[in-house]
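Reader: Walk me through the labels on this one, please. I'd like to hear what stands behind each term before I trust it.

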Amino acid sequence: MQTDGRISGRVVVTGAAGLIGSALVRHLNLEGVEEIVAVDRLGTSEKWRHLVPLRFAEYYDAEEFYERIAREPGAFGEIATVFHLGACSSTTERDASYLVANNVRRSQEIARWSFAHKSARFVYASSAATYGALESGMREDLDPHALRPLNMYGYSKHLFDQWMRREGLLQRAVGIKYFNVYGPNEDHKGEMRSVVAKAYEQIRARGTIELFKSYRPEVADGEQTRDFLYVKDAAAITAFLARAPHAAGLYNVGSGTDRSWNDLARAVFAALELGPRIEYVEMPDVLRGKYQYRTVATIDKLRAAGYAQPITALEDAVRDYVRTYLVTGTVLGAESSPTPTFSATR
């Protein structure tokens, strides 16, 4: 387990090539942890590039990994910590059977395997999507039966949270309800990429950023808000919760502050040293009835667990993401300087 404030022993990270997973492996590397079993499903994507600068002991395709732990539970030796971050994270995925198989059943398999290692710490990715249409009061102690996720992805995460609770495992594990995480190594996510990544591409293509209009008279266009969290902070908090033996249950992981889409767009322009040019476009009809105008994490439980580090300010995080990674095409962990100059029509 954790004896000196750092994670010790062999570690498993599923979703290791993904946005949060690769940032976590990098964070562990910076803490001197390299005895890592990295697990992912690379397929035909370019996610493999995210693994190149990282240090780990072994890599396994997800299918091979799950087959092996079912066949040989002790195949990977003594495991100290399991970070289960691998999942289908698409909020637009319509195949409910696939989401149950991938996000619920597979999560149950690795949870059972993890707890078979009596000293293993199990930390897994839940999601703020489990809160559904709530726009305030997003607290971890809400009655779980009152939650109404708006999409099947959120419901799949909710189902696993409920299973962990019913099995009596949640009191010995940490489930992390990530809010709007963004940062380097999200290029493989397609339409699920953050607005920062999409905004950068829009500026390169036409010099403007498109945001949805507001359909509430009390909210101006672009003033809808989200709790944005830089992936480097998400990784640091995830590692902290793993090594805090008293931490258990569900934890909101966000900045604790909501910022507007306008703030985010202006931060991208500022990172490129350009004046803001924002266009407001119609929201698709399919979204209007279930669009959230505000999300913000209540992070009192995280602070009470002892996480005292400041959360990176939106403008600082966007500047780092844009200049260090998007402009250069650099993956996390392979940073270099100086930063090339960006030019666009003003």
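Reader: What makes Arg41 count as partly exposed?
Author: Arg41 comes out at 35% relative accessibility, and the label covers whatever falls between buried (under 20% relative accessible area) and exposed (over 50%), using a 1.4 Å probe and protein chains only. So 35% lands in the middle class. Before we go on: this is a predicted model, where local features need pLDDT of at least 70, side-chain atom pairs count only at pLDDT 80 or more, and totals for chains, interfaces and linings use all residues. Residues are numbered from 1 along each chain as its sequence is written, and side-chain values use heavy atoms, with hydrogens and water left out.

Reader: How do you know that Arg41 and Glu63 form a salt bridge?
Author: Their N to O distance is 2.7 Å, and the rule asks for a side-chain nitrogen of Lys or Arg within 4 Å of a carboxyl oxygen of Asp or Glu. So the pair passes. Glu63, at 32%, is partly exposed too. The two also link distant parts of the chain, 22 residues apart: Arg41 sits in the loop between strand 2 (36–40) and helix 2 (48–51), and Glu63 in helix 3 (residues 62–71). (Helices, H or I with at least four residues, and strands, E with at least two, are DSSP runs numbered from the N terminus.) Arg41 and Glu63 belong to a salt-bridge network with Arg106 and Glu109.

Reader: What makes Glu335 and Arg26 a salt bridge?
Author: Their closest N and O atoms are 3.5 Å apart, so the pair meets the same cut-off. Glu335 is in the segment after helix 11 (314–326) and Arg26 in helix 1 (residues 19–30), 309 residues apart. Arg26 has a relative accessible area of 19%, which makes it buried, whereas Glu335, at 31%, is partly exposed. The whole count is 26 salt bridges.

Reader: Asp233 has no salt bridge, so how do you know?
Author: Arg303, the nearest side chain of opposite charge, is 8.5 Å away. (Lys and Arg count as positive, Asp and Glu as negative; His and the chain ends are not counted.) Asp233 is buried all the same. What its side chain does make is a polar contact with the side chain of Thr312, at 2.9 Å; the limit for such a pair of N or O atoms is 3.5 Å, with one able to donate a hydrogen and the other to accept it, and residues adjacent in sequence counting only if both atoms are side-chain atoms.

Reader: Why is the Phe65 and Tyr66 pair called edge-to-face?
Author: The centres are 5.4 Å apart and the planes meet at 80°. Rings of Phe, Tyr and Trp (its six-membered ring) pair within 6.5 Å, and planes under 30 degrees apart count as stacked, over 60 as edge-to-face and the rest as tilted, so 80° is edge-to-face. Phe65 is buried at 0%, and Tyr66 is buried at 7%. Ring pairs join both to Tyr60, Phe76 and Trp113 in a cluster.

Reader: What is odd about Asn185?
Author: Asn185 has a positive phi of about 80° although it is not a glycine. Most residues other than glycine have a negative phi. Asn185 lies in the loop between strand 7 (180–182) and helix 6 (195–206), and its 4% makes it buried. Glu273 also has a positive phi, about 55°, but is exposed at 55%.
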